[in-house]
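Subject: Structure for your review

Dear colleague,

Please find below the structure that I am handing over to you. My findings follow it, grouped by region.

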Amino acid sequence: MARTLSNMLPLGTLAPNFSLKDSITNNIFSLEELKGNKGTVIMFICNHCPFVIHVNEELVRIANDYRTQGFGFVAISSNDIEKYPQDSPDKMWKTAQKNNYTFPYLFDDTQEVARAYDAACTPDFYLFDAELKLIYRGQLDDSRPGNGIPVNGRDLRQALDAVLRNTKVSEDQKPSIGCNIKWKE
């Protein structure tokens with residue numbers, strides 16, 4: 001397992017727009033259609049990464065806990081599917097079904113969206129406020145495959161809770177660690 005750190009896009013960055021196909025419904029969705037009234041969580045994930053597999057259940061729990069409170073949730077896979085066919089859209093659909101994803105799971109075939117977000121690893125998390133300004137980026141929590149720390153989504157949950165309380169999200173943010181995005185040559 002390669003350990004790649006997220007690039008930590010500067011706070012305050014406006015969310016780059018996108019229009020991508022959802023592997024679950026086959027519909028094309030834009031950021032504008034998926035954003036939440038309170039904020040929007042963008043997650044760069046993939047099917048095969050052990051770091052993503054390790055947190056899948058918590059991703060669904062967080063989305064279910066906060067979607068009803070005005071947050072939008074979007075997962076994006078940007079991996080090169082020629083070299084990594086296990087991340088292809090048909091397998092994304094199967095992963096979404098198996099894990100009961102309640103959020104769109106979009107495929108970034110050109111990898112332009114991952115580049116626009118400066119995504120580096122899976123999982124990589126971004127929380128944007130109601131105006132689509134970046135207020136959190138980094139890890140879900142301190143848990144990693146094999147480190148014995150329970151998955152609880154603490155870091156992302158604290159950021160989401162700060163938005164709900166109308167308080168500033170702490171700028172003390174740790175990068176995510178995961179598999180590198182599989183870039184095309």
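The buried residues of helix 3 are covered by parts of the chain that include strand 5 (71-77) and strand 6 (105-107). Please note that this is a predicted model. Helix 3 itself spans residues 89-98, and its buried residues are M92, T95 and A96. Viewed down the helix axis, these buried residues fall within an arc of 100°, so they line one face of helix 3.

Both ends of this helix deserve a remark. Ahead of helix 3, S88 is placed in the loop that connects strand 5 to helix 3. S88 has a relative accessible area of 10%, which is under the 20% cut-off, and therefore counts as buried. Apart from residues up to four places away in sequence, S88 touches N47 and I81. After helix 3 comes N100, which has a positive phi near 55°.

Aromatic residues

Nine aromatic pairs are found in a search of the whole structure. One of them is formed by Y101 and Y105: the ring centres are 5.4 Å apart and the planes stand at 70°, so the pair is edge-to-face. Both partners have little accessible area: Y101 is buried at 9% relative accessibility, and Y105 is buried at 0%.

Elsewhere, F18, F44, Y117, Y126 and F128 are linked into a cluster by ring pairs. Where in the chain does Y117 lie? Y117 belongs to the loop between helix 4 (112-116) and strand 7 (121-122). Although this is a loop position, Y117 is buried, with a relative accessible area of 0%. Which residues does Y117 contact, leaving aside its neighbours within four places in sequence? The contacts of Y117 are L9, A15, P16, F18, L31, I42, F44, Y126 and F128. P16 is 101 residues away from Y117 along the chain, yet the C-alpha atoms of the two residues are separated by 6.7 Å.

A ring is also involved in an arrangement with a charge. The charged end of K182 is positioned over the ring of Y84, at 5.5 Å from the ring centre.

Pocket and cavity

The largest pocket has a volume of about 190 Å³. Its lining consists of Y136, R154, D155, Q158, A159, A162, R165, V169, S170, D172, Q173 and K174. Helix 5 (residues 154-164) contributes the most to this lining, with five residues.

How many cavities of 30 Å³ or more does the structure hold? There is one cavity of that size. The largest cavity contains about 70 Å³ of space. The residues that line the largest cavity are F51, H54, V55, P123, Q139, L140, D141, S143, R144, P145, S176 and I177. Helix 2 (residues 50-67) supplies the largest share of the lining of this cavity, three residues.

Backbone geometry

Most residues other than glycine have a negative phi, and most peptide bonds are trans. Against that background, the following positions may interest you.

P123, one of the residues lining the largest cavity, is preceded by a cis peptide bond: omega from T122 to P123 is near 0°. P123 is situated in the loop between strand 7 and strand 8 (124-129).

Two further loop residues have a positive phi. For N26, phi is near 70°, and the residue lies in the loop between strand 2 (19-22) and strand 3 (28-30). For L132, phi is near 65°, and this residue is found in the loop between strand 8 and strand 9 (134-138). Are these two residues buried or exposed? N26 has a relative accessibility of 52%, which is over the 50% cut-off, so N26 counts as exposed. L132, in contrast, has a relative accessible area of 12%, which is under 20%, and therefore counts as buried.

With kind regards

Definitions and conventions. Residues are numbered from 1 along each chain as its sequence is written. This is a predicted model: local features need pLDDT of at least 70, side-chain atom pairs count only at pLDDT 80 or more; totals for chains, interfaces and linings use all residues. Side-chain values use heavy atoms; hydrogens and water are left out. Helices (H or I, at least four residues) and strands (E, at least two) are DSSP runs, numbered from the N terminus. Buried means under 20% relative accessible area, exposed over 50%, partly exposed in between (1.4 Å probe, protein chains only). Contact means heavy atoms within 4.5 Å. The arc is that of the directions from the helix axis to the C-beta atoms. Rings of Phe, Tyr and Trp (its six-membered ring) pair if their centres lie within 6.5 Å; planes under 30 degrees apart count as stacked, over 60 as edge-to-face and the rest as tilted. A charge sits over a ring if NZ of Lys or CZ of Arg is within 6 Å of the ring centre and within 35 degrees of the ring normal. On a 1 Å grid over the protein atoms alone, a cavity is a set of points where a 1.4 Å probe fits but cannot get out, and a pocket is an open set with protein on both sides within 12 Å along at least five of seven lines; lining residues have an atom within 4 Å of a point. Grid points are joined across faces, edges and corners, and a volume is the space filled by probe spheres set on the points.
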